[in-house]
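Student: Please take one part of this structure and go through it slowly with me. I would like a close look at the salt bridges.

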Amino acid sequence: RSAGREGRRALNREPFRAALAIAATGGGLAALAQLDARGFVLPWIVLVPWLLWLDAPLRPARAFVASVALTFVFTFGVFGWFARGIADYAGAPAWHGWFALALLAPVLQPQIAVWSVMRSVLRLRGLHGAWLALAGACVYVAAEWIAPKLFADTLGHGLLPFRHLRQAADLAGAPGLTLAIVLGNEAAAAGLRAAWRRDVRGAAR
């Protein structure tokens, strides 16, 4: 009975945890689009809240729904100017532009849903650790490469203010920088998980 109650409590907390991860990650991605050289750390932690949420034993369908919500938050935060442009060009009320942007959001950022769902599937099938991180990062980059993204944007562009880092694009291109960013976030999330487990074990003693 105790285990059942704990499971129900965890399930009840799940929407709140998902909303928190969506808000933190979406806000971070919006900030990344405005980044200057003082924000060196942000690209390497921006996905950490989302990765920590994805570590829960999620059904792929739940990961898909939450990732679509993240796509909306990300798109509205980064491409709000496009919504205003649509409305101005059409001579329509502002909300028409935002509605059009909402319809376009899954097309503008399809990699978020593909990556989140595939990572959940791989995790449920027993993939963990470095192999899960590498597979997930490759899925993220592959989804961006396959999808016809309107603005050709990618996380790697967030390193533009950092001259020494952006020079790596000469070797691997912007997708290579994106791969490095996703892997860096995976490493940061893994470090937080390990620190949390140590704290929990220490408290249990």
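**The salt bridges, residue by residue**

Tutor: Let us start with D55, which has a relative accessibility of 12% and therefore counts as buried (buried means under 20% relative accessible area, exposed over 50%, and partly exposed in between, with a 1.4 Å probe and protein chains only). Before going on, please keep in mind that this is a predicted model, in which local features need pLDDT of at least 70 and side-chain atom pairs count only at pLDDT 80 or more, while totals for chains, interfaces and linings use all residues. Residues are numbered from 1 along each chain as its sequence is written, and side-chain values use heavy atoms, with hydrogens and water left out.

The partner of D55 is R123, and the closest N and O atoms of this salt bridge are 3.7 Å apart (a salt bridge here is a side-chain nitrogen of Lys or Arg within 4 Å of a carboxyl oxygen of Asp or Glu). R123 belongs to helix α6, residues 110–124, whereas D55 sits in the loop between α2 and α3, so their pairing ties together parts of the chain that are 68 residues apart in sequence. Helices, numbered from the N terminus, are DSSP runs of H or I with at least four residues, and strands are runs of E with at least two. While D55 is buried, R123 has a relative accessible area of 23% and is therefore partly exposed.

Helix α6 also holds R119, whose side chain meets that of E186 in a salt bridge at 3.0 Å from N to O. E186 comes from helix α9, residues 169–204, and R119 from α6, so this pair joins parts of the chain that lie 67 residues apart in sequence. Both partners count as buried, E186 with a relative accessible area of 5% and R119 with a relative accessibility of 3%. For the chain as a whole, 37% of the 205 residues are buried. The two pairs belong together in a wider picture, as D55, R119, R123, E186 and R193 are linked in a network of salt bridges. In general, side chains of opposite charge can pair when their charged atoms come close.

Six salt bridges are found in the structure, and another of them joins the side chains of D153 and K149, with N and O 3.4 Å apart. Here too both partners are buried, D153 having a relative accessible area of 17% and K149 one of 11%.

D153 also appears in the largest pocket, where D153, A33, V78, T154 and H157 lie nearest the centre among 21 lining residues. On a 1 Å grid over the protein atoms alone, a pocket is an open set of points with protein on both sides within 12 Å along at least five of seven lines, a cavity is a set where a 1.4 Å probe fits but cannot get out, and lining residues have an atom within 4 Å of a point. Helix α1, α3 (60–78) and α7 (129–146) each give at least two residues to the lining of that pocket.

Helix α6, which carries R119 and R123, has a further place in the picture. The largest cavity is lined by L29, L47, L70, F74, I112, W115, Y140 and L155, and the elements that supply two or more residues to this lining are α3 and α6. As a frame for these parts, the secondary structure of the chain consists of nine helices and zero strands.
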